[in-house]
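Let's take a walk through a protein fold, piece by piece. Keep the picture handy and turn it around as you read.

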Amino acid sequence: MKKQLSMLAAGMMALAATSCVSEPQTANITWGTFNIRYDNPADSLNNWKYRKDSVSHFILSQDIDIIGLQEVLHNQLKDLKDRLPEYAEVGVGREDGKTQGEYAPLFYKKDRFEVMDSNTFWLSQYPDSVGFIGWDGACTRIATWAKLKDKQSGKIFMAINTHFDHVGTEARKKGALLIIEKIKEIVGNNPAVLTGDFNVSEMSEAYQTITTNDFMLKDAHKEAENRSGSNYTFHDFGRISPELCEKIDFVFVTPQIKVKSSFIPKEGPREGKQMSDHNPEVVKLSF
């Protein structure tokens, strides 16, 4: 009898333990990339002071969880932080590693995500050398990353945001390879999302390097189950005819990430009504 009771108790404990094991949670995240155009007084009616409210409103209206921004000067960062109080950010200026020059910051909903680690590296032969211009590049270029934990699902993943050189072919290719190595080093096989202005189309060597490497990243726009809006991003404040515009801003994802949708809004109809000289891209991801 004692043996039967012991076996019954053991069985009940095993059943209880099994019932306490939670099912794997799915992370559903709305993610964006947006070159907001640096604050240039020569932009006249397209100057940042006329656009900062619409850029902030767009991020809020799309309920974006995480967004990588490019060409952000320090005063623009402050403007965005003032208008997006529910977000926190990581990133530094590319010239001095502090506040000088353009940032490539990541904004994220601070109540939902925990930053486990973050940093910025320079796209060059010396990634830790602040302000170093890499290879055949014309400008200092950086990538800002964060290792994040989703408080809702418990998922750990990486966000990385960059702005490739507009001149150096070698700088773009080598920069792509450097980013791939950093993803492998920081999160291994965990999910990762790369956003940025890559200054080239999908026909470029840099794009092919990212999407055909052994450690492959996929173009979220192409992978999306549903696509809406424009099929291009750079339009120079509407000065380029739509049929001549190209998609040079991308969201790349590791293969285990499912892309539900991709949305690229069209620019405004006239000068002073565009959010930027680039269209943003907003994707809904699941992993």
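Here is a short tour of the chain, its two sheets and the helices that pack on them.

## The big picture

First, a heads-up: this is a predicted model. The protein chain holds six helices and 13 strands. Buried residues account for 51% of its 287 residues.

The fold also brings together parts of the chain that are far apart in sequence. Take the contacts between residues at least 6 apart in sequence: 73% of them join residues at least 24 apart.

## The seven-stranded sheet

One open sheet is built from seven strands, in the order β3-β4-β2-β1-β13-β12-β10, and its pairing is mixed. At the edges sit β3 (87–90) and β10, each of which pairs on one side only. If you ignore direction, neighbouring strands here are turned by 20° against each other on average.

Mixed pairing is easy to see if you look at β1 (residues 28–35). With β13 (residues 281–286), β1 pairs in the antiparallel sense over six bridges, and I29 stands opposite L285 in β13. With β2, on the other hand, β1 runs parallel, and five bridges join the two. In that pair, W31 stands opposite I66 in β2. As background, strands of a sheet pair through backbone hydrogen bonds, either parallel or antiparallel.

## Two well-covered strands

How many of the eight residues of β1 are buried? Seven are, so β1 is largely enclosed by the rest of the structure. For β2, five of the five residues are buried, so this strand is largely enclosed as well.

You can also check which way the residues of β2 point. I66, G68 and Q70 point one way, I67 and L69 point the other way, and all of them are buried.

## Helices on the seven-stranded sheet

Helix α2 packs on this sheet, where it touches β1, β2 (66–70), β3, β12 (258–264) and β13. The direction of α2 makes about 110° with that of β3. Helix α3 lies across β2, β3 and β4 (106–109), and it runs at about 10° to β4.

These two helices also pack against each other. Between α2 (residues 52–61) and α3 (residues 74–83) the angle is about 50°, and their axes are 10 Å apart. The two are therefore oblique to each other. Their crossing is right-handed. If you want to find the contact, look for K52, D53, V55, S56 and L60 in α2, which meet D79, L80 and R83 in α3. Sorted by type, the residues of this contact are three nonpolar, one polar and four charged.

## The six-stranded sheet

Now for the other open sheet: six strands in the order β5-β6-β7-β8-β11-β9, again with mixed pairing. Its edge strands are β5 (113–122) and β9 (218–219), and each pairs on one side only. Within this sheet, β8 (residues 192–197) and β11 (residues 249–253) pair in the antiparallel sense over five bridges. To spot this pair, find D197, which stands opposite D249 in β11.

Helix α4 (residues 169–187) lies across β5, β6 (142–150), β7 (156–163) and β8, running at about 160° to β7. Helix α5 (residues 205–212) packs on the sheet too, touching β8, β9 and β11, and its direction makes about 15° with that of β11.

## A closer look at α5

Which residues of α5 are buried? They are A206, Y207, T209, I210 and T211. What do these buried residues pack against? Their partners are α4, β8, β9, α6 (220–223) and β11. A handy general point: an α-helix has 3.6 residues a turn, so residues three or four places apart point the same way.

## One loop to find

Finally, look for P242, in the loop between β10 (226–229) and β11. Its relative accessibility is 46%, so P242 counts as partly exposed. The cut-offs behind that label are 20% and 50%: under the lower one a residue is buried, and over the upper one exposed.

P242 and K266 are 24 residues apart along the chain, and 9.7 Å separates their C-alpha atoms.

Definitions and conventions:
Residues numbered from 1 in each chain as written. Predicted model: local features only at pLDDT ≥ 70, side-chain atom pairs only at ≥ 80, totals over all residues. Heavy atoms only, no water. Axes fitted to C-alpha atoms, helices over the stretch in contact; angles between N-to-C directions. Helix = DSSP H or I, 4+ residues; strand = E, 2+ residues; numbered from the N terminus. Parallel < 35°, antiparallel > 145°, perpendicular 65-115°, else oblique. Left-handed = near helix turned anticlockwise from the far one by under 90°. Contact = heavy atoms within 4.5 Å. Nonpolar A, V, L, I, M, F, W, Y, C, P; charged D, E, K, R; others polar. Pairing = 2+ DSSP bridges. Buried < 20%, exposed > 50% of the residue type's maximum accessible area, 1.4 Å probe, protein only.
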